[in-house]
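I opened this notebook to record what I looked up about aromatic contacts and surface character. The entries follow the order of my queries.

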Amino acid sequence: MKAYYLLAVIPFIAILGGAAFVNKIEPYVLGLPFFLFWIILWSILCSVIMFVIYRLDPLNKGDEE
């Protein structure tokens, strides 16, 4: 397994594993309870991480011009 594929595990651990630690209503971040903010943040970061994995994967480099 390539080392950069391990990046895909980070959002999984952050959302599921971190949920037990951030399951709080207070503090509010951007008007959202902290837990909801945590889920939204990691949804966005998951997309960024998947893009990084896509760009690092050598199988995807053949289609570029």
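The entries below concern ring pairs, burial and a surface patch.

Entry 1. I noted at the outset that the model is predicted. I then asked how many aromatic pairs there are. The count came to three aromatic pairs.

Entry 2. I looked up Phe34 and Trp38, which form a tilted aromatic pair, with 6.3 Å centre to centre and 45 degrees between the planes. I located both residues in helix 3 (residues 34-56), where they are four residues apart, about one turn of the helix.

Entry 3. Are Phe34 and Trp38 buried or exposed? I found a relative accessibility of 22% for Phe34, which therefore counts as partly exposed. Trp38 has 19% relative accessibility and so counts as buried, because buried means under 20% relative accessible area.

Entry 4. I followed Trp38 to its pair with Trp42, which is also tilted, at 6.1 Å centre to centre and 55 degrees between the planes. I recorded Trp38 and Trp42 as four residues apart in helix 3, about one turn of the helix. Both Trp38 and Trp42 are buried.

Entry 5. I asked which residues the ring pairs link into a cluster. I listed Phe34, Phe37, Trp38 and Trp42.

Entry 6. I turned to the surface and found a nonpolar patch of about 720 Å², made by Leu36, Ile40, Ile44, Val48, Phe51, Val52, Tyr54 and Leu56. I checked Tyr54 separately: Tyr54 lies in helix 3, and its relative accessible area of 44% makes this residue partly exposed.

Conventions: Residues are numbered from 1 along each chain as its sequence is written. This is a predicted model: local features need pLDDT of at least 70, side-chain atom pairs count only at pLDDT 80 or more; totals for chains, interfaces and linings use all residues. Side-chain values use heavy atoms; hydrogens and water are left out. Rings of Phe, Tyr and Trp (its six-membered ring) pair if their centres lie within 6.5 Å; planes under 30 degrees apart count as stacked, over 60 as edge-to-face and the rest as tilted. Helices (H or I, at least four residues) and strands (E, at least two) are DSSP runs, numbered from the N terminus. Buried means under 20% relative accessible area, exposed over 50%, partly exposed in between (1.4 Å probe, protein chains only). Patches are made of residues with over 30% relative accessible area and no salt bridge: like charges are joined within 9 Å, nonpolar side chains (Val, Leu, Ile, Met, Phe, Trp, Tyr) within 5 Å. Accessible areas come from the Shrake-Rupley method with a 1.4 Å probe; for residues, only the protein chains shown count as cover. A salt bridge is a side-chain nitrogen of Lys or Arg within 4 Å of a carboxyl oxygen of Asp or Glu.
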